[in-house]
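This report walks through a single protein model for a reader meeting it for the first time. Please keep the sequence and the three-dimensional view at hand while reading.

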Amino acid sequence: MIENIKNSFRISEEFSDIYETENGLPTFKFFIDGEWKKSGEKDPLISPLDQNAIGAVYRTPIDQVDLAIRHAKESQQKIRSLAGIERIGLMNEARNILMDHKEDFVNALMLEGGKTREGASGEIESLYMRMGLTMEDARKIFGEYLPGDWSKDTASKIALVIREPVGVVAAIGPFNYPLFIPAAKIIPALLAGNSVIVKPTKETPVSTIMFVQVLNMAGFPKGTVNVVTGPGSLIGNTISSHKDVSMISFTGSTETGRSIASIAGIKKLHMELGGKAYAIVLRDADLALAAKKIVSGSLSNAGQRCDAISAVLVVQEVADGLVDLIVKEAKNYRLGNPLLDPQAKVGPVINRSAALRIKSLIDDAIEKGAKALVGGGVHDTYVEPTVLYDVPESAKIMWEEIFGPVIPIHKVKDADEAIAFAKRSEYGLDSCVFSNNFYDMWRVAKSLQVGEVTINDMPKHGIGYFPFGGTKSSGTGREGVGFSIDEMTNIKTIVFNLEPGAMGKKVIG
């Protein structure tokens, strides 16, 4: 089913500065203070498509990470001093350059992450839209005027409450959306007047590195955008604990998020961490709609989404009917190498280790009584789209984040049992409910302890038009249009005493 191929990046001349070629394969550099740099150590890049080497990345030495942070801090005034309209102009230029090189990015995303062409194209188009919306959002960084005469102790004063950039923002991204997610952190940070240090994941760093070159080509001031590369345990920890980093915006695992929080010290933290999105299907749901959305929500991007549907809780009297429809729909999701098979809708997971972890969850569920109605097999990095029915409560897959193309289905008595089940999860990022009864859907939505509940559709953060983020072990802070910029600014209150000008309001008595 899966054959080895000679994979290669197809990168335009404009990106020639970001890599060197050795033995026919590119080795990508890191970017500090406007200069693409290299070191002695390298980390290999292995494509999940066939486990072949597709290049390498120079590992940023720790002293160079410190240097990058220092330059970011020293250069922050350059971006802050630019008029907002100038920052928007630079971002608009970057937006145009991105789309001029769309095929370069499509190729990189497919090669380094195993995405389908549809998935890769969608990621770039989503970023293009997010850039446009964030530019509009940046125009709304307003202050507020507060008259003090509504309180006796401030009657002679007024205040302006304004928003200012936090300083240096560290953008640390995951492997599953290696272009969109880091970029969605970088864009509002720059537009708000911050400088940025970017740490891409070591599995899929190329599209992030390319995006930094896009910003460089657009003319963002030297030193305001820097990218450092290497293992998170080394490079990420150095960034997270650094005193000159003002804010960390991290998307990734709960385990890594806890580690960052433990060493970060006093700084702003935005974290979107692990998720366990339950799809709750009630007796009056449109089962055809529910099945279609559940399958898409579980299998898109090979299930490697923090907002993926990760388990189904269905009321028992409609369970068999729903499962029949899910099985039929899931069989339309063809597994394959997207570079060889354009019809493939599900590609590989990120590496063999991830595939083996997913396989262990499937096997555990089957050993405990679940029935594999579709799939269940694993071939190297390729996990078959899998439907598991009658999954018992004791199965690990009902509680752990899967991050793979698996649909575990568990029957419940009613909405109350589904709510109680979901509330026991340590995660609280997303969930969804399928029902045509307004009062039932409202009760479920109000009861669930998650950052976002979607009614009659799969959870999907998309371009971030609606705010999203986690509760419990799924993180802190909110991201999205209208919210990311707020997270990346601090409120400053400026109080004016009007008494010297005899302009203060008088208080009698």
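The axes of helix H3 (residues 102-113) and helix H6 (residues 206-218) come within 9 Å and cross at roughly 155°, where axes are lines fitted to C-alpha atoms, for helices over the stretch in contact, and angles run from 0 to 180 degrees between N-to-C directions. H3 and H6 are therefore roughly antiparallel to each other, given that angles under 35 degrees count as roughly parallel, over 145 as roughly antiparallel, 65 to 115 as roughly perpendicular and the rest as oblique. Helices (H or I, at least four residues) and strands (E, at least two) are DSSP runs, numbered from the N terminus. On the H3 side, Asp-104, Phe-105, Ala-108, Leu-109 and Glu-112 meet Val-206, Ser-207, Met-210, Phe-211 and Val-214 of H6, contact meaning heavy atoms within 4.5 Å. By class, this contact of H3 with H6 has 7 nonpolar, 1 polar and 2 charged residues; Ala, Val, Leu, Ile, Met, Phe, Trp, Tyr, Cys and Pro count as nonpolar, Asp, Glu, Lys and Arg as charged, and the others, Gly among them, as polar.

The model is predicted, and its local features need pLDDT of at least 70, while side-chain atom pairs count only at pLDDT 80 or more and totals for chains, interfaces and linings use all residues. Residues are numbered from 1 along each chain as its sequence is written, and side-chain values use heavy atoms, with hydrogens and water left out.

Phe-211 also appears in the largest nonpolar core, which has 128 residues and in which Phe-211, Val-281, Ile-294, Val-312, Leu-322 and Ile-397 touch the most other members. Such a core is a set of buried Ala, Val, Leu, Ile, Met, Phe, Trp, Tyr and Cys residues joined through side-chain atoms within 4.5 Å, with buried meaning under 20% relative accessible area, exposed over 50%, and partly exposed in between (1.4 Å probe, protein chains only). Helix H5 (residues 180-191) gives the most to this core, with 9 residues. Leaving aside its neighbours within four places in sequence, Leu-322 is in contact with Val-281, Leu-287, Ala-290, Ala-291, Ile-294, Val-312 and Val-314. Apart from this core lies another, of 22 residues, including Ala-68, Ile-69, Ile-172 and Ile-239.

Attention can now turn to the sheets. An open sheet of 7 strands has the order S16-S19-S20-S15-S14-S22-S23, with mixed pairing; two strands pair if DSSP finds at least two bridges between them. Strand S16 (371-374) and strand S23 (452-455) stand at the edges, each with a single partner strand, so one side of each is left without a neighbour in the sheet. Neighbouring strands of this sheet are turned by 25° against each other on average, direction ignored. Within it, Val-281 of S14 stands opposite Phe-434 in S22. Helix H10 (residues 319-330) lies across S14, strand S15 (309-315), S16, S19 and S20, running at about 165° to S19, whereas helix H12 (residues 415-423) lies across S14, S15 and S20, running at about 130° to S20.

A further open sheet, of 3 strands, follows the order S7-S8-S26 with antiparallel pairing. Its edge strands are strand S7 (144-147) and strand S26 (489-497), each of which pairs on one side only.

Several strand pairs are set out below.

| Strands | Sense | Bridges |
|---|---|---|
| S8 (residues 157-165) and S26 | antiparallel | 9 bridges |
| S1 (residues 19-22) and S2 (residues 25-28) | antiparallel | 4 bridges |
| S2 and S6 (residues 53-58) | parallel | 2 bridges |
| S9 (residues 168-172) and S10 | parallel | 5 bridges |
| S14 (residues 277-281) and S22 (residues 430-434) | parallel | 4 bridges |

S1 and S2 form a hairpin with 2 residues between them, and Asn-23 in the turn has a positive phi of about 55°. In strand S10 (residues 195-199), 5 of the 5 residues are buried, so this strand is largely enclosed by the rest of the structure. Ser-195, Ile-197 and Lys-199 point one way from S10 and Val-196 and Val-198 the other way, and Lys-199 has Ile-172 standing opposite.

Asp-390, although not a glycine, has a positive phi of about 55° and is found in the loop between strand S19 (386-389) and strand S20 (406-412). At 26% relative accessibility, Asp-390 counts as partly exposed. Ala-502 lies in the segment after S26, and its phi is near 55°, a positive value in a residue other than glycine. At 71% relative accessibility, Ala-502 counts as exposed.
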